[in-house]
Amino acid sequence: TIWPFANVEDSVMNKMLDSLMTKQCFEREVLHTAGTKADYMFILVKGTVEESVSVGNKQQVVRVWHAGECVGVDNLVSDLNVWSTTATTSPGTVVVMLSRRHFNDTVESDSTLRMQIRPTVRKLL
């Protein structure tokens, strides 16, 4: 996944960092479920996250995310409001969460941030 803040200046990025929430996860903890509202982007600090879809009465893993990757960036920058997958964590997984609401509020209130992430946002849409 493309990190949407790669080209953002540190001083501007600090506004976004103010709202990050760290979450220590339990084994097989569900971060999101298919069909539920997509309100967060998750940045994996430690551990892994499996994304799966329902096939019959079983879950089929479609992607495994590792530390350093971001899950749900497209949910922040597009009109996707619902998760299409279910995500579960490995033991000891730590994620940092950024809410869609704070992302949108911060981008709307800061023209410099809006201009700096615009090229990346266009690639994601």
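This is a short tour of the structure, one selection at a time. Keep in mind that the model is predicted.

**Stop 1: the open sheet**

Start by selecting strands S1, S8, S3 and S6. In that order, these four strands form an open sheet with antiparallel pairing. As background, strands of a sheet pair through backbone hydrogen bonds, either parallel or antiparallel. Now colour the edges: S1 (21–24) and S6 (70–71) are the edge strands, and each of them pairs on one side only.

Zoom in on S3 and S6. Strand S3, residues 40–46, is joined to S6 by two bridges. Show Phe42 and you will find Val71 of S6 standing opposite.

**Stop 2: a helix across the strands**

Next, add helix H3, residues 100–109. H3 lies across S3 and S8 (94–99), and runs at about 50° to S8.

**Stop 3: a hairpin**

Move on to strands S4 (residues 48–55) and S5 (residues 58–66). Eight bridges join this antiparallel pair. Select Val49, and look across to S5: which residue stands opposite Val49? Trp65 is the one to find there. At the turn, two residues sit between the strands of the hairpin, and Gly56 takes a positive phi near 65°.

**Stop 4: strand S7 and its partners**

Keep S4 on screen and add S7, residues 86–89. S4 and S7 pair in the antiparallel sense over four bridges. Click Ser52 to see one of these matches, with Thr86 as its bridge partner in S7.

S7 also pairs with S2 (residues 30–32), where two bridges join the antiparallel strands. Here His32 stands opposite Ala87 of S7.

Now show the side chains of S7. In general, side chains in a regular strand alternate between the two faces of the sheet. In S7, Thr86 and Thr88 point one way, while Ala87 and Thr89 point the other. Are these residues buried or exposed? All of them are buried.

**Stop 5: the nonpolar cores**

Hide the strands for a moment and show Met16, Met41 and Phe103. In the largest nonpolar core, which has 15 residues, these three touch the most other members. The elements giving two or more residues to this core are helix H1 (10–17), S3, helix H2 (73–77), S8, H3 and helix H4 (111–124). H2 gives the most, with three residues.

There is a second, separate core of twelve residues. Select Leu44, Ala87, Val95 and Met97 to see some of its members. You have already met Ala87, opposite His32.

**Stop 6: two cysteines**

Select Cys25 and Cys70. Why does Cys25 count as buried? Its relative accessibility is 4%, and buried means under 20%. Cys70 is buried too, because its relative accessible area is 5%, below that cut-off of 20%. A disulfide is a covalent bond between the sulfur atoms of two cysteines. The number of disulfides found in this model is zero.

**Stop 7: a glycine in a loop**

Finish at Gly47, in the loop between S3 and S4. With a relative accessible area of 25%, Gly47 is partly exposed. Leaving out residues up to four places away in sequence, Gly47 touches Trp65, His66, Ala67, Ser90 and Thr93. Trp65 is a familiar face from the hairpin, where it stands opposite Val49.

For a last look, select Thr89 along with Gly47. The two are 42 residues apart in sequence, and their C-alpha atoms are 7.5 Å apart in space.

Terms used:
Residues are numbered from 1 along each chain as its sequence is written. This is a predicted model: local features need pLDDT of at least 70, side-chain atom pairs count only at pLDDT 80 or more; totals for chains, interfaces and linings use all residues. Side-chain values use heavy atoms; hydrogens and water are left out. Two strands pair if DSSP finds at least two bridges between them. Contact means heavy atoms within 4.5 Å. Axes are lines fitted to C-alpha atoms, for helices over the stretch in contact, and angles run from 0 to 180 degrees between N-to-C directions. A nonpolar core is a set of buried Ala, Val, Leu, Ile, Met, Phe, Trp, Tyr and Cys residues joined through side-chain atoms within 4.5 Å. Buried means under 20% relative accessible area, exposed over 50%, partly exposed in between (1.4 Å probe, protein chains only). A disulfide is a pair of cysteine sulfur atoms within 2.5 Å.
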